[in-house]
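Biologist: Could you take me through one part of this model slowly, as you would for someone in their first year? I would love a close look at how two helices meet.

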Amino acid sequence: MADSRFLMKKLFWVVVVLAVHGNAQEEAGVSGRPALVPAMFVFGDSLIDNGNNNNIASFAKANYLPYGIDFSGGPTGRFSNGYTMVDTVAELLGLPLIPPFSEAQSSGDRMRYGVNFASAAAGILDNTGGNFVGRIPFNQQIKNFENSLDQLSTILGAADLSQGLAKSIFFIGMGSNDYLNNYLMPNYDTKNHYNGQQYADLLTKQYTQALTRLYNLGARKFAIAGLGAMGCIPSILAQSDTGACSDEVNELIRPFNTNTKMMVNRLNANLPGSRFTFIDIGNTFQDLLVNSESYGFTVVNRGCCGLGRNRGQVTCLPMQAPCPDRSRYVFWDAYHPTEAVNVLLGQKAFSGGSEAAHPFNIQQLANM
């Protein structure tokens, strides 16, 4: 009976992967069915960046093999072997894959179905990620969106643009670098000024201000992704003599997720006509780690591509040979999940229950 449940669950996720990958092309048109929303606009970090760092002076890049080894367009700047979470969400919404701002800004028409402004190493705080030199912080990502509105207005007209933005999904996933590449970095003195709760309060205060700016620019439907179990990623596991998840890191980020949930509730109450929902990556990821075999994953404690302990001490290098059975790995490199996990996260965010997204999932948000 247990084997049959395992096979059925694995078959389910194979079907999901095939469904979201049907006709998956970077330049694909909208899917055959009507799109649920006019567009999706994406803001975030390397978990959902799809190439915005490619042409800036940055150490945070993924535009080389084996990144993109399973993506139809090859290496694009996605920090994955294939899809990111928002690629899955876009296709489930009936949209084409959303182009990066670095490419879309040259043609307003390419922005018609949305733009991805995410940048690897970016954070809520402007100084986050400085060790990687070039990156596009959240505040600048919003500025880039604001600068794009003139182009979109030319295509759609001011009235249609306003209506279109109000119906579009704004997907935001920020905060991981504010811990990994700020608070936890030895060359940052942040931890000397804030304890864990104080730092979470600082982040969500600035987060609230930034999201309110997006609201004032016309956004109304927001999907806000929380942080996953960062104490269990290969780069953190590699720092442990036992190879166990870091309870210290997981406890450090807990107040941020708690604050972000409360922030979502406050914004829903305080911004007329807005719809904010919290995508509970932490809960979904914890379920995935605890029940990994039932989802078809057999390797949860090391990267598919990387060097050193847990393949997490040095992240995936150019032309390095990755693991052959990538669908069995939770982590692609020292920091990021595999395409198989990204598909799962995207599907859960889109149509999962309250344990995955609340007060509503992205499909429900789109239909409001």
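Modeller: Happy to! A helix axis here is a line fitted to C-alpha atoms over the stretch in contact, and the angle between two axes runs from 0 to 180 degrees between their N-to-C directions. Keep in mind that this is a predicted model.

Let's look at helix H4 (residues 138–156) and helix H5 (residues 158–167): their axes come within 7 Å and cross at roughly 120°. Angles of 65 to 115 degrees would count as roughly perpendicular and those over 145 as roughly antiparallel, so H4 is oblique to H5. The crossing of the two helices is right-handed.

Which residues make the contact between H4 and H5? From H4 come Phe145, Leu149, Leu152, Ser153 and Leu156, while H5 brings Ala158, Asp160, Leu161 and Leu165. Sorted by character, the residues of this contact are 7 nonpolar, 1 polar and 1 charged. Here is a handy rule for reading such a list: an α-helix has 3.6 residues a turn, so residues three or four places apart point the same way.

For company, look at two other helices. Helix H11 (residues 339–351) has 13 residues, which at 1.5 Å a residue should span 18 Å, and its end C-alpha atoms are indeed 18 Å apart. H11 is mostly covered, with 11 of its 13 residues buried; among them are Val343, Leu344 and Phe350.

Then find Asn257 in helix H9 (residues 247–270). Asn257 has a relative accessible area of 13%, so it is buried, the cut-off being under 20%. Leaving aside residues up to four places away in sequence, Asn257 touches Gly226, Leu227 and Phe278.

Technical notes: Residues are numbered from 1 along each chain as its sequence is written. This is a predicted model: local features need pLDDT of at least 70, side-chain atom pairs count only at pLDDT 80 or more; totals for chains, interfaces and linings use all residues. Side-chain values use heavy atoms; hydrogens and water are left out. Helices (H or I, at least four residues) and strands (E, at least two) are DSSP runs, numbered from the N terminus. The expected span of a helix is 1.5 Å times one less than its number of residues. Buried means under 20% relative accessible area, exposed over 50%, partly exposed in between (1.4 Å probe, protein chains only). Contact means heavy atoms within 4.5 Å. Angles under 35 degrees count as roughly parallel, over 145 as roughly antiparallel, 65 to 115 as roughly perpendicular and the rest as oblique. A crossing is left-handed if the near helix is turned anticlockwise from the far one by less than a right angle, and right-handed if clockwise. Ala, Val, Leu, Ile, Met, Phe, Trp, Tyr, Cys and Pro count as nonpolar, Asp, Glu, Lys and Arg as charged, and the others, Gly among them, as polar.
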